[in-house]
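The report that follows goes through strand pairing, domains, chain contact and helix packing in turn. It is meant to be read with the model open alongside.

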Amino acid sequence: MLGKTAGGLFWMSRYLERAENTARLLETGQRMALTRTQNSVEEWGSVLKTAGVLGGYSAKYEEITKENAVDWMLRDGENPSSIKSVIKQARDNARLVRTALTHDVWSAVNSTWMQVDAAMKRRVNERDLPGTLELIRQQAALVRGAILGTMLRNDMFDFMRIGNFIERADNTGRILDVKYYVLLPTAFSVGSSLDNIQWESILRSVGAGGGYRMTHGQKTTPSDIAQFLILDQRMPRSLHFCCRKIQENLSYLKKDYGFAGPSCEASNLLSEKYLGRQISDIFDYGLHEYIEDFLRDLSDLSRQVEVDYRFYE
Amino acid sequence: MSNYFDEMFSDTGSLRGPYEEIGRWFNAEDASRLRAKQREAEEVFRLTGITFNVYGKAEAEERLIPFDIVPRVISGREWQRLERGIEQRVRAINAFLYDIYHRQEIVRAGRVPAEMIAGNEAFLPQMLGVAPPGQVYTHIVGIDLVRTGPDEFYVLEDNARTPSGVSYMLENRETMLKMFPELFSANNVRNVSDYPKNLRRSLAACAPSCAEGEPTVAVLTPGIYNSAYYEHAFLADQMAVELVEGHDLRVVDGRVCMRTTRGYKPIDVLYRRVDDEFLDPLNFNPDSALGVPGIMDVYRAGGITIANAPGTGIADDKAIYSYMPEIVEFYTGEKPLLQNVPTWRCSDPDSLAYVLDNLSELVVKEVHGSGGYGMLIGPTASKKEIAAFRHKLKSRPSNYIAQPTLSLSTVPIFARSGLVPRHVDLRPFVLVSPEGVKITPGGLTRVALKKGSLVVNSSQGGGTKDTWVLED
């Protein structure tokens, strides 16, 4: 396989995952804004920050408003991480690697772009926002289904999975990074309704409300939430789960190719360093520092994969 | 009746032989169902991404080529004649190219003037003395044919560089098979779907002697923004070979290699869809980012096969076209089986005078033009357009040729008002290898969708049709 193709599959997958995550962040933001218990401006600021697009937003708009924040994250062409931009990039990558995709996967990606493009010709008003976000989630599910159902489990699949889980780990990490203070045990947060809303919103933004209840029941505690998002082995968006998938797929590549670059070892180290601990140790070390270190190492790993498999010249 | 030969209906309105089944089927069909089917077909095309990019139009970067559901039908007997003529012509083209880049016997014999070759932009001195594997220059050729009567076919153009459109031929057939299976049960239509398999086989048969084992073939595309990108990806996919861009390739140890996830791997045969000029920044256009630095040196040393060979443009240039009857006769010793359209070379003062006097009746084309750009169709042009062209002709006569306006045949399309006749042409696709010449039965039928229009190019509002060759 061409290095470029591996890169195209990797990035197609990352962008699709990013679109879905951004849609979920927007949904959470919208919900928080509607509960009116929060300072809405602050909340949208934190949503923008989590998506990593606050800098670009501030360069364009002077103040944070809900309408502008939604538009920036949803469809602004100047924002390379807006849903519309990333779906376009996913589709461009899919075109680039068209020969590596099954017909089903290509049509799913192409129809996603066609529908998103059509839905985002104009500003999306509040009434239509839920439908638009639902569309993105549905299309993301369609693409994922096509990939799982029709792609051979070979190196092409591995590169897609690696991209997918690096992006997902990054997203969960960012949510924790921006909201870590909500989870810190302080004398003031004792499960007030405000805390509960914040905690709920963290779970919601990784689509894990239901999964959390199944695992931990009704009782929401910061420590359990952090444990669930970081260390739970069954939660498909936890750092643990994502890291294990990255490790697995890199090891398949190693087996397939008969050689491995430094990225394979780096993924083992990543798991060892961050996952072999108790949640209490992480709080002792400092949740914020832990997450920052993790995101840095994850991004180094991503770059190493690109080098090892010759994505670029 | 009309002045044009309609391929489906005779002057009395009766169905011609090859169209009998289709006519019967159409009459029994419900128009609204057909209309729904037509929309369905377009939806499939859009979803599959069978689009082309129009240069210079930012707002609609990817467009569909309209597809018409009424097939264009050629009888087995008609096809047999065409096939023989095409094969003869393609063999002559390859012999001509070999000659032009070697001893130039045809020039020595005085059949083609020396300045037509040496002074031609499409002539590549870098190819002099190079013998491509199997002496095949044009691995893939598209011969554009038009019809003016029951037995009158003309070659309008030879496409010997990188002819496109074959993916439409294949997708049109797939679409028709899915939408109207009953039509294929009622008609014995020759298969086209093994084109990709034949293409790969044909390319592999031209591998250089340094190739080990099963030759590695790759398709070179300028990238996803090229107007024919869909086709490049489609062919690579169907042939199960890599689709590469210039930046995926580099010369390593005297071979052209592609960067794979496991390291650099040599390519034996490169089916390039990049023009000569952009192929090698070291040997041609130094600004090209689409090509591979040094590929021409590897090619000349026999380290890779480039398909089509560089420099084939000299054979499909419109000024050379006018010599094609002589060329066919010179190399095959036979009279051409396919007719050329009479052509005035404007470089010749007498011809120029004639052309200038008769502009309103002629079609004038640029010698190196393609895609229907930069041409004048006298009978439909305005006075202003004619005046502008007169000026261009006078200032650069050798840049133009002129031909009579042909009465192109028509085939009906399914329009809002039912079946209406529209002008068509035909581009059969020809594969050449040391194993022989292989012509896919049929080809791409392009149709001018506008009433009365003679321009079938997709860039100018043309559409396509599925093309059937019947087993007699």
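## Strand pairing and packing in a predicted model

Strand E20 (residues 429–433) of chain B pairs with strand E21 (residues 436–439) of chain B in the antiparallel sense, and four bridges hold the register between them. Within that pairing, Val432(B) has Val437(B) in E21(B) as its bridge partner, and the two strands are linked as a hairpin through two residues. The model described here is a predicted one, and every value below should be read as computed from that prediction.

A second hairpin in chain B is made by E18(B) and E19(B), with two residues between the strands. Strand E18 (residues 410–415) of chain B runs antiparallel to strand E19 (residues 418–427) of chain B, and six bridges join them. One of the paired positions is Pro412(B), whose bridge partner in E19(B) is Pro421(B).

The three antiparallel pairs for which a bridge count is available are set out here.

| Strand pair | Sense | Bridges | Paired residues |
|---|---|---|---|
| E18(B) and E19(B) | antiparallel | six bridges | Pro412(B) and Pro421(B) |
| E20(B) and E21(B) | antiparallel | four bridges | Val432(B) and Val437(B) |
| E8(B) and E9(B) | antiparallel | four bridges | Arg250(B) and Cys257(B) |

### Two open sheets of chain B

The pair E8(B) and E9(B) belongs to an open sheet of three strands in chain B, ordered E8-E9-E10, with antiparallel pairing. Strand E8 (249–252) and strand E10 (263–266) of chain B are at the edges with a single partner strand each, so one side of each has no neighbour in the sheet. Averaged over this sheet, and with direction ignored, neighbouring strands are turned by 45° against each other.

Another open sheet of chain B has four strands in the order E7-E6-E11-E12, and its pairing is parallel. Its edge strands are strand E7 (242–244) and strand E12 (305–307) of chain B, each of which pairs on one side only. Here the average turn between neighbouring strands, again with direction ignored, is 25°. Within this sheet, strand E11 (residues 269–272) of chain B pairs with E12(B) in the parallel sense over three bridges, and Tyr271(B) stands opposite Ala307(B) in E12(B).

### Domains and the contact between chains

Chain B is divided into domain 1, which covers 17–338 + 406–469, and domain 2, which covers 342–404. Taken over C-alpha atoms, the centres of these two domains of chain B are separated by 26 Å. Contact between them involves twelve residues of domain 1 of chain B and ten residues of domain 2 of chain B. The side of domain 1 of chain B that touches domain 2 of chain B comprises, by class, five nonpolar, four polar and three charged residues.

The contact of chain B with chain A takes 17 residues from chain B and 19 residues from chain A. On the side of chain B, the elements that give two or more residues are helix H2 (31–48), helix H9 (229–239), E7 and strand E9 (255–260). Strand E7 of chain B is thus met twice, as an edge strand of the parallel sheet and as a contributor to the side that touches chain A. By class, that side of chain B has seven nonpolar, five polar and five charged residues.

### Two helix pairs

How are two packed helices described? The usual terms are the angle between their axes and the distance between the axes.

In chain A, the axes of helix H5 (residues 83–96) and helix H6 (residues 103–119) come within 9 Å and cross at roughly 150°, which means that H5(A) is roughly antiparallel to H6(A). The crossing of H5(A) and H6(A) is left-handed. Residues making the contact include Ile83(A), Ile87(A) and Ala94(A) of H5(A) as well as Trp106(A), Trp113(A) and Val116(A) of H6(A). The residues of this contact divide into eight nonpolar, two polar and three charged.

In chain B, the axes of helix H3 (residues 76–100) and helix H14 (residues 324–332) come within 9 Å and cross at roughly 80°, so H3(B) is roughly perpendicular to H14(B). Among the residues that make the contact are Arg89(B), Ala92(B) and Phe96(B) of H3(B), together with Ile327(B), Val328(B) and Tyr331(B) of H14(B). By class, the contact of H3(B) with H14(B) has six nonpolar, two polar and two charged residues.

Definitions and conventions. Residues numbered from 1 in each chain as written. Chains lettered and ligands numbered in written order. Predicted model: local features only at pLDDT ≥ 70, side-chain atom pairs only at ≥ 80, totals over all residues. Pairing = 2+ DSSP bridges. Axes fitted to C-alpha atoms, helices over the stretch in contact; angles between N-to-C directions. Domains from an automatic or database assignment. Contact = placed C-beta atoms within 7 Å. Nonpolar A, V, L, I, M, F, W, Y, C, P; charged D, E, K, R; others polar. Parallel < 35°, antiparallel > 145°, perpendicular 65-115°, else oblique. Left-handed = near helix turned anticlockwise from the far one by under 90°.
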